[in-house]
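Got the viewer open and a selection box ready? Let's take a walk through this one, a stop at a time.

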Amino acid sequence: TRSSSKLFVDGEKMRTETSVAGTETISIMRPDKKVVYSVMPAQRMYMEMPMADSQAADPVKAKGSWEKVGNEIINEQ
């Protein structure tokens with residue numbers, strides 16, 4: 001099964017786009033609103049879940065700068 005992920009970070013806000021076997025899922029973390037959205041475009045659905053206070057306090061454990069250094073395929077058969 002082939003999968004891919006993309007991570008976008010803007011301050012404390014995060015968005016991940018994951019594709020597994022052609023099924024896409026998008027997760028959006030909004031610590032400012034203490035909410036996590038999970039979007040499933042193929043099903044035309046989304047879920048809104050409250051974020052725990054511990055998650056809202058520090059959603060990105062490793063603070064610092066981010067730089068894309070390349071792509072990597074792991075365990076492709």
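Before we start clicking, one cut-off to keep in mind: a residue is called buried when its relative accessible area is under 20%, exposed when it is over 50%, and partly exposed in between. Also bear in mind that what you're looking at is a predicted model.

**The whole chain**

Start with everything shown as a cartoon. You should find one helix and five strands, and going from the N terminus the order is β-β-β-β-β-α. Now switch on a surface. The protein chain exposes about 6,400 Å², with carbon and sulfur atoms supplying 51% of that. Of its 77 residues, 17% count as buried. As for contacts with a separation of 6 or more, 13% of them link residues 24 or more positions apart.

**The sheet**

Next, hide the surface and select the strands. They make an open sheet of five, ordered β1-β2-β3-β4-β5, with antiparallel pairing. The edges are β1 (3-10) and β5 (45-50), each of which pairs on one side only. Look along the sheet and you'll see neighbouring strands turned against each other by 15° on average, ignoring direction.

**First hairpin: β1 and β2**

Zoom in on β1 and strand β2 (residues 13-20), which run antiparallel and share eight bridges. For a landmark, pick S4: its bridge partner in β2 is S19. Then slide along to the turn. β1 and β2 form a hairpin with two residues between them, and G11 in that turn has a positive phi of about 65°.

**A salt bridge with a buried end**

Show the side chains of R15 and E17. They meet in a salt bridge, 2.8 Å from N to O. Which of these two is buried, and which is partly exposed? E17 counts as buried because its relative accessibility is 17%, which falls under the 20% cut-off. R15 comes out at 32% and so counts as partly exposed.

The structure holds two salt bridges, so go and find the other one: select R30 and D32, whose closest N and O atoms are 2.5 Å apart.

**Two loops with a positive phi**

Now select A21, in the loop between β2 and β3 (23-30). This residue has a positive phi of about 50° although it is not a glycine. Is A21 buried or exposed? Exposed, with a relative accessible area of 60%.

Jump to R44, which sits in the loop between β4 and β5. R44 isn't a glycine either, yet its phi is positive, at about 55°. Its relative accessible area is 79%, so R44 counts as exposed.

**Last stop: β4 and β5**

From R44, step out onto the strands on either side of that loop. Strand β4 (residues 35-40) pairs with β5 in the antiparallel sense over six bridges. Select M40 and look across to β5, where its bridge partner is M45.

While you're in β4, click on S38, which belongs to this strand. S38 is buried, with a relative accessible area of 9%. What does S38 touch, leaving out residues up to four places away in sequence? Expand the selection and you should pick up T25, I26 and S27, along with M45, Y46, M47 and M49. To finish, toggle the side chains on along the strand: in a regular strand they alternate between the two faces of the sheet.

Conventions
Residues numbered from 1 in each chain as written. Predicted model: local features only at pLDDT ≥ 70, side-chain atom pairs only at ≥ 80, totals over all residues. Heavy atoms only, no water. Helix = DSSP H or I, 4+ residues; strand = E, 2+ residues; numbered from the N terminus. Buried < 20%, exposed > 50% of the residue type's maximum accessible area, 1.4 Å probe, protein only. Contact = heavy atoms within 4.5 Å. Areas by Shrake-Rupley, 256 points an atom, 1.4 Å probe, with all protein chains shown as cover. Salt bridge = Lys/Arg side-chain N within 4 Å of Asp/Glu carboxyl O. Pairing = 2+ DSSP bridges. Axes fitted to C-alpha atoms, helices over the stretch in contact; angles between N-to-C directions.
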